[in-house]
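User: I have a protein here and would like to understand how its labels were assigned. Could you take me through the reasoning?

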Amino acid sequence: INTLGGAMYISIIKNLIAVLACKYSVEPWTTYTVSGLTCWDGIHYLYVCCCFLGILIYYPMATFMFPNLQFQNKLLALQFSPGYLIMLSQVKLFISGLGSFYQDNVLIVLVFTSSAMFILGLWCLKMNPCLAKKANVWYATEYFMISWILLGGALMYITKQFLFCILFISIGAPAILVGMYFISRLCYRTNGLFIC
């Protein structure tokens, strides 16, 4: 249940807040999810009320109760500090909001999501959220590589140079992996006195 709840969080939150995302660039305002549904008129108010009810029920439970459920499962090999999981939920909410409200502007979604992933990578290095300390460098590596790939996608969107961007990603991602490997070796040798 923990894994399913964590994996479905973005999808559930995005579907809940998608009701609030309207195309304000054209008249009459319509929602992104249901093209014929006029925003802030008629049945849309019912959808908005259901959205807020769903958020009031789901969001606190998924954000604040889920981090503590991991300690009940003795089979979990990797456990994280509750503060990290709460921050991760906020980042997922931020990304879901971007995906819902800025569907017409892919560049904004790519840049801000890349920035959020980079910040999560720094958080993993600095705060050591995983209770298995050696795993934190590799979680940071994952976030840095996702950030790099999203940045490559943003460059591709701006420049329209597919080959250049594939080269950008192909060189940068392994460089991040190698760099983080050396950081992990340094962390292990210094017993975490360096960064970890």
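Analyst: Happy to. Helices here are DSSP runs of at least four residues and strands are runs of at least two, numbered from the N terminus. Counted that way, the protein has six helices and two strands. Please keep in mind that this is a predicted model.

User: In what order do the elements of the protein run from the N terminus on?

Analyst: The order is α-β-β-α-α-α-α-α. As for the surface, the protein exposes about 11600 Å², and carbon and sulfur atoms supply 74% of that. Buried residues make up 38% of the 196 residues.

User: What makes Cys22 and Cys39 a disulfide?

Analyst: The sulfur atoms of Cys22 and Cys39 are 1.9 Å apart. The cut-off for a disulfide is 2.5 Å between cysteine sulfur atoms, so the pair qualifies. By this rule the count comes to one disulfide.

User: Why is the disulfide of Cys22 and Cys39 called left-handed?

Analyst: Because the torsion about its S-S bond is about -105°. The bond also ties together parts that are 17 residues apart in sequence, since Cys22 lies in strand E1 (residues 22-23) and Cys39 in the loop between strand E2 (30-31) and helix H2 (43-69). Both Cys22 and Cys39 are buried.

User: How do you know that Cys49 has no bond to Cys50?

Analyst: The closest cysteine sulfur to that of Cys49 is in Cys50, at 7.0 Å, which is too far for a bond. The limit is 2.5 Å. Cys49 also counts as exposed, because its relative accessibility is 54% and the label applies over 50%.

User: And what about Cys130: which cysteine sulfur is nearest?

Analyst: That of Cys124, 8.6 Å away, and Cys130 is in no disulfide. Unlike Cys49, which counts as exposed, Cys130 counts as buried, at 0% relative accessibility.

User: Why is Ser96 called buried?

Analyst: Its relative accessible area is 1%, and buried means under 20%, so the label fits Ser96. Ser96 sits in helix H3 (residues 82-101). Leaving out residues up to four places away in sequence, Ser96 touches Ile10, Ile13, Lys14 and Ile17.

User: What does the side chain of Ser96 reach?

Analyst: It reaches the backbone oxygen of Lys92, at 2.8 Å. The cut-off for a polar contact is 3.5 Å.

User: Why does Phe94 count as partly exposed?

Analyst: Phe94, also found in helix H3, has 39% relative accessibility. Partly exposed covers the range between the 20% and 50% limits, so that is where Phe94 belongs. Apart from neighbours within four places in sequence, Phe94 is in contact with Phe112 and Ala116. The C-alpha atoms of Phe94 and Phe112 are separated by 9.2 Å, with the two residues 18 apart along the chain.

User: Is Thr113 buried or exposed, and how do you know?

Analyst: Thr113 is buried: its relative accessible area is 10%, set against a limit of 20%. This residue lies in helix H4 (residues 106-127). Not counting residues up to four places away in sequence, Thr113 touches Ile95, Leu98 and Leu150. A polar atom of the Thr113 side chain also lies 2.6 Å from the backbone oxygen of Val109.

User: Which residues form the nonpolar patch on the surface?

Analyst: The patch is formed by Trp138, Leu177, Val178, Tyr181 and Phe182, which together have about 490 Å² of accessible area. Helix H6 (residues 162-189) gives the largest share, four residues. To join such a patch, a residue needs over 30% relative accessible area. Leu177, in helix H6, has 41%, so it clears that bar and is called partly exposed.

User: What is Thr141 in contact with, leaving aside its neighbours within four places in sequence?

Analyst: Thr141 is in contact with Ile176, Leu177 and Met180. Thr141 has its place in helix H5 (residues 136-159). With a relative accessible area of 2%, Thr141 is buried.

Terms used: Residues are numbered from 1 along each chain as its sequence is written. This is a predicted model: local features need pLDDT of at least 70, side-chain atom pairs count only at pLDDT 80 or more; totals for chains, interfaces and linings use all residues. Side-chain values use heavy atoms; hydrogens and water are left out. Buried means under 20% relative accessible area, exposed over 50%, partly exposed in between (1.4 Å probe, protein chains only). A polar contact is a pair of N or O atoms within 3.5 Å; within protein, one must be able to donate a hydrogen and the other to accept it, and residues adjacent in sequence count only if both atoms are side-chain atoms. Contact means heavy atoms within 4.5 Å. Patches are made of residues with over 30% relative accessible area and no salt bridge: like charges are joined within 9 Å, nonpolar side chains (Val, Leu, Ile, Met, Phe, Trp, Tyr) within 5 Å. Accessible areas come from the Shrake-Rupley method with a 1.4 Å probe; for residues, only the protein chains shown count as cover. A salt bridge is a side-chain nitrogen of Lys or Arg within 4 Å of a carboxyl oxygen of Asp or Glu.
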